[in-house]
Amino acid sequence: VDGVVQRVKKVGWYPSTGLDLVKNNVTSIFIYQIGERFRQEGFGSRLWECIEEPNTDLLAYMATVFVKQSLTAWESRVRGLEVICTRDGAKLFIKIRFSIGTQAPTEAIVEYDHSTNSTYAY
């Protein structure tokens with residue numbers, strides 16, 4: 001400005017690293033249906049096939065299998081994968097325990113509410 005060089009603060013979007021990056025990637029895997037992502041048609045999970053199915057032991061089993069298949073295929077940094085599905089009324093809770101490298105195990109939870117057909121991840 002007026003012949004004086006001023007440094008502009010660097011702004012932008014910067015991806016997470018480490019465990020946060022892996023958790024974000026795991027979430028992305030569950031957001032996409034297989035065949036939905038452009039140029040990566042095999043990316044995603046089959047969890048969407050569970051929507052509107054009766055909340056039975058079979059649904060919990062299907063969700064467990066679909067989660068394990070998708071994480072094994074798309075997130076090679078995940079080790080010691082454990083998937084536990086529990087049902088409570090119209091809700092299906094999917095707890096995912098895993099570790100990355102030598103780090104302590106961490107958890108992610110996906111909640112599906114059959115009565116409202118909604119999904120939450122935390």
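Mentor: A polar contact is a pair of N or O atoms within 3.5 Å, where, within protein, one atom must be able to donate a hydrogen and the other to accept it, and where residues adjacent in sequence count only if both atoms are side-chain atoms. The model here is predicted, so local features need pLDDT of at least 70 and side-chain atom pairs pLDDT 80 or more, while totals for chains, interfaces and linings use all residues. Residues are numbered from 1 along each chain as its sequence is written, and side-chain values use heavy atoms, with hydrogens and water left out.

Trainee: Which backbone oxygens does the side chain of Ser70 reach?

Mentor: The side chain of Ser70 reaches the backbone oxygen of Phe66 at 3.0 Å and the backbone oxygen of Val67 at 3.1 Å. Ser70 itself lies in helix H2, a helix being a DSSP run of H or I with at least four residues, numbered from the N terminus.

Trainee: Why is Ser70 called buried, and which residues does Ser70 touch beyond four places away in sequence?

Mentor: Buried means under 20% relative accessible area, exposed over 50%, and partly exposed in between, with a 1.4 Å probe and protein chains only. Ser70 has a relative accessible area of 4%, and therefore counts as buried. Not counting residues up to four places away in sequence, Ser70 touches Ile29, Phe30, Gly44, Ser45 and Glu75, contact meaning heavy atoms within 4.5 Å.

Trainee: What makes Val65 partly exposed?

Mentor: Val65, also found in helix H2, has 25% relative accessibility and therefore counts as partly exposed. Val65 and Arg46 are 19 residues apart in sequence, and their C-alpha atoms are 9.2 Å apart in space.

Trainee: How do you know whether Cys50 and Cys85 are bonded or unbonded?

Mentor: A disulfide is a pair of cysteine sulfur atoms within 2.5 Å. The closest cysteine sulfur to that of Cys50 is in Cys85, at 8.3 Å, which is too far for a bond, and the search of the whole structure finds zero disulfides. Cys50 counts as buried because its relative accessibility is 6%, and Cys85 counts as buried because its value is 18%.

Trainee: What is notable about the phi of Arg39, and is Arg39 buried or exposed?

Mentor: Arg39 has a positive phi of about 65° although it is not a glycine. Most residues other than glycine have a negative phi. Arg39 is found in the loop between helix H1 (18-31) and helix H2 (57-74), and it counts as exposed because its relative accessibility is 67%.

Technical notes. Helix = DSSP H or I, 4+ residues; strand = E, 2+ residues; numbered from the N terminus.
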